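Dear colleague,

Please find below the structure that I am handing over to you. My notes on its architecture come after it.

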Amino acid sequence: MRISEALREKLTTAKRVAVLTGAGISAESGVPTFRGEHGLWKKFRPEELATVDAFMRNPELVWEWYSYRRELMSKIEPNPGHYALAEMQESFPEFSLITQNIDGLHQRAGTQNVIELHGNIQRNRCIECNRYYQEVEITETEKVPTCECGGYIRPDVVWFGEMLPPKALESAFQVSRSCELFFSIGTSAVVQPAASLPLVAKESGAYVVEVNIERTEITSILDEALLGKSGEVLPEIVTAIKTLRG
Ligand code: OAD
């Protein structure tokens, strides 16, 4: 892989680094992405599974879908891309990782400062009183878990048409505005507001690098594109950082 002189310089001197990740970073762990040929949204309709209306209309179906994904995600492990990012955090005084993923793999790989924009599939909350539940049980008789207050419990993830968690969103914009080096990794960069973070970083003067197996809608606006699997490209970047920063 060819790392440009400009990126080498940033890897050597940067103090503040921010990273945005999407489904692509977990693809090598076996988590399906959303778009593309084998993407989830090719087989399933988001408006039937990932909106408040869908949940109110058919909570059983929505729980079936999330139970399936939770089961899938409980069996997987972080991959070399997740571990490389966890290692990268040691090299920079300020390192923030913003993720659109709900699988918790960055934390499991050891990254500490993770800003979750779209929630986490392991958490649940009541739609009435907002009480949080770490575990819920789905049974043949109780296909939709219910809170002590009587309200339905839902997965604590962000659905289409919903606001993102305000604190996470504010932190994401703040670190994107203040970083010197920004990586956009494994995201198609089409879902707002996450998709605007690389552009905010760029407008604020950061050097912005994309890591993806293909070009995206924002590639041409960014400073550099490293084409390849994140599980291969990121370990190479870590090796370069070690050589450059000692
Ligand atoms: P997408 O499925 O839209 O995009 C995944 C990106 O990862 C694509 O650009 C792929 O080219 C790239 N990719 C695939 N495998 C890769 C690999 N091994 N290494 C590097 N890149 C790879 O997923 P997101 O951009 O994360 O939101 O989608 C954003 C949001 O849309 C999701 O958080 C979800 C979805 O609807 C909600 O559910 C709210």
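The notes below cover the sheet, one helix and the nonpolar cores.

This is a predicted model, in which local features need pLDDT of at least 70 and side-chain atom pairs count only at pLDDT 80 or more, while totals for chains, interfaces and linings use all residues. Residues are numbered from 1 along each chain as its sequence is written, and side-chain values use heavy atoms, with hydrogens and water left out.

An open sheet is formed by 6 strands in the order β3-β2-β1-β7-β8-β9, with parallel pairing. Strands here are DSSP runs of E, at least two residues long, and helices are runs of H or I of at least four, both numbered from the N terminus; two strands pair if DSSP finds at least two bridges between them. Because β3 (114-116) and β9 (224-227) each have a single partner strand, one side of each is left without a neighbour in the sheet. Between β1 and β2 there are 6 bridges, and V19 has L97 as its bridge partner in β2.

In helix α7 (residues 80-88), the buried residues (under 20% relative accessible area, 1.4 Å probe, protein chains only) are G81, H82, A84, L85, A86 and M88.

The largest nonpolar core (buried Ala, Val, Leu, Ile, Met, Phe, Trp, Tyr and Cys residues joined through side-chain atoms within 4.5 Å) has 27 residues, and M88 and F183 have the most contacts inside it. Helix α11 gives the most to this core, with 6 residues. Apart from it lies another core of 23 residues, among them W41 and Y133.

With kind regards

Note on methods
Buried < 20%, exposed > 50% of the residue type's maximum accessible area, 1.4 Å probe, protein only.
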